[in-house]
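Here is a friendly walk through one protein model, from a single residue out to the whole chain and back again. Keep the viewer open as you read.

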Amino acid sequence: MLTTASDDGYAAHGNQQTKLLPKRIILVRHGESQGNKDGAAYAMTPDYKISLTPEGIEQAKQAGSSIRRLLSDGGGNWKVYFYVSPYERTRSTLREIGRAFPRKRVIGVREECRIREQDFGNFQVTERMKVIKETREKFGRFFYRFPEGESAADVFDRVSSFLESLWRDIDMQRLQHQHPSDELNLVIVSHGLAIRVFMMKWFKWTVEQFERLNNPTNCEIRVMQLGNGGEYSLAVHHSEETMEAWGLSPEMIEDQMWRVDAPRGAWNEKCPWYLSAFLDTYAEEEEETLL
């Protein structure tokens, strides 16, 4: 079926209209920071002011080139819109990534406080943080709340709020790509935990599944791409081996593979965390009452 673009930012399919969705949502962790190199930096410098190392700057430049190649490979009139955490290391990462893009390709940038780093509680004394993180491993990474800081569950709540705003931006065409035929790509420059929580919320992963996930490496790129049927999937761009290395279980990987061709809004009956992981026994069917 031929797809035509209307002036209101929707694609018309016959008598129906379908919202134009970003082709890709690209999640990028910041480059190597002074805190990644030496944890003692957090004891003297506020977390949000921690800067990139020279290696981190180079990683960010390479990430920009990689993203540019990814978007350019398909040709066409593609555009990119950036969301960035307000921390120094994420903003510096974005600055270096941005060097890879011509101005005409960049729709805009928005600083988004809700995708900032997990709050660990002001200055972080090295020995104290070592004990605290050991306690977190015993308690559970998702629900453990740092003294004077946040838990991953707290980060989940604010990232969920950000996702609601993101969908409103898309629904109301606030991202201002110039024409409906433009290919829109969103790049979110954030932090390791926020990226894992973002994917957890998007793909409806459970807390148990979150606990499996490995943190992205510095400037690692994770691409959620629109599949053939309108669902986003990691499997369009990434291999099963890569997803396994990220900590996805075989069932989670299978769901990503299903999403590549799944119709938008479809229900994956084989996905255990939608039903069978929670309910394993049911009441007997009631006999139908004859009228």
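Is threonine 126 buried, partly exposed or exposed?

## Threonine 126 and its surroundings

Threonine 126 has a relative accessible area of 40%, so it counts as partly exposed. Please keep in mind that this is a predicted model. The residue belongs to helix α5. Leaving out residues up to four places away in sequence, threonine 126 touches Gly39 and Ala40. Its C-alpha atom is 13 Å from that of aspartate 47, with the two positions 79 residues apart in sequence numbering.

Alanine 43 gives another view of this part of the sequence. It sits in helix α2, which covers residues 41-44, and touches Phe123, Gln124 and Val125 once residues up to four places away in sequence are set aside. The C-alpha atoms of alanine 43 and valine 125 are separated by 4.9 Å, although the two residues are 82 apart along the chain. Alanine 43 is partly exposed because its relative accessibility is 28%.

## The chain as a whole

Stepping back, the protein chain contains ten helices and nine strands. Its C-alpha trace spans about 75 × 55 × 35 Å along the principal axes. A compact globule of 291 residues would have a radius of gyration near 19 Å, and the 21 Å of this chain agrees with that.

Of the 291 residues, 50% are buried. The accessible surface of the chain is about 15,700 Å², and carbon and sulfur atoms contribute 49% of that. Among contacts with a separation of 6 or more, 70% join residues 24 or more positions apart.

## How α6 meets α7

Two packed helices are described by the angle between their axes and the distance between the axes. What are these values for α6 and α7? Helix α6 (residues 152-171) and helix α7 (residues 192-203) pack at an angle of about 65 degrees, and their axes are 9 Å apart. The crossing of α6 past α7 is right-handed.

On the α6 side, the contact is made by Ala152, Val155, Phe156, Val159, Ser160, Phe162, Leu163, Leu166 and Trp167. From α7 come Leu193, Ala194, Val197, Phe198, Met200, Lys201 and Trp202. The residues of this contact divide into 14 nonpolar, one polar and one charged.

## Two glutamates

Glutamate 150 lies in the loop between α5 (126-139) and α6. Is this glutamate buried or exposed? Glutamate 150 counts as buried because its relative accessibility is 11%, under the 20% cut-off. Apart from neighbours within four places in sequence, its contacts are Arg116, Glu117, Gln118, Asp119, Tyr144, Arg145, Val155 and Arg158. Val155 also appears among the α6 residues in the contact with α7.

Glutamate 211 is found in helix α8 (residues 207-212). Its relative accessibility is 28%, so it counts as partly exposed. Setting aside residues up to four places away in sequence, glutamate 211 touches Gly140, Arg141 and Phe142. The C-alpha atoms of glutamate 211 and proline 102 are separated by 39 Å, and the two residues are 109 apart along the chain.

## Glutamine 256

Glutamine 256 lies in helix α10, residues 250-259. With a relative accessible area of 0%, it is buried. Not counting neighbours within four places in sequence, it is in contact with Phe203, Trp205, Ser233, Leu234, Ala235, Met243 and Leu248. For serine 233, which is 23 residues away along the chain, the C-alpha separation from glutamine 256 is 5.4 Å.

## Positive phi angles

Most residues other than glycine have a negative phi, and most peptide bonds are trans. Which phi value does asparagine 122 have? Asparagine 122 has a positive phi of about 55 degrees although it is not a glycine. It sits in the loop between β6 (106-111) and α5, and at 57% relative accessibility it counts as exposed.

Lysine 204 also has a positive phi, near 60 degrees. Its place is in the loop between α7 and α8, and it is exposed, with a relative accessible area of 53%.

Technical notes: Residues are numbered from 1 along each chain as its sequence is written. This is a predicted model: local features need pLDDT of at least 70, side-chain atom pairs count only at pLDDT 80 or more; totals for chains, interfaces and linings use all residues. Side-chain values use heavy atoms; hydrogens and water are left out. Axes are lines fitted to C-alpha atoms, for helices over the stretch in contact, and angles run from 0 to 180 degrees between N-to-C directions. Helices (H or I, at least four residues) and strands (E, at least two) are DSSP runs, numbered from the N terminus. A crossing is left-handed if the near helix is turned anticlockwise from the far one by less than a right angle, and right-handed if clockwise. Contact means heavy atoms within 4.5 Å. Ala, Val, Leu, Ile, Met, Phe, Trp, Tyr, Cys and Pro count as nonpolar, Asp, Glu, Lys and Arg as charged, and the others, Gly among them, as polar. The radius of gyration is taken over C-alpha atoms; the globule rule is 2.2 Å times the number of residues to the power 0.38. Buried means under 20% relative accessible area, exposed over 50%, partly exposed in between (1.4 Å probe, protein chains only). Accessible areas come from the Shrake-Rupley method with a 1.4 Å probe; for residues, only the protein chains shown count as cover.
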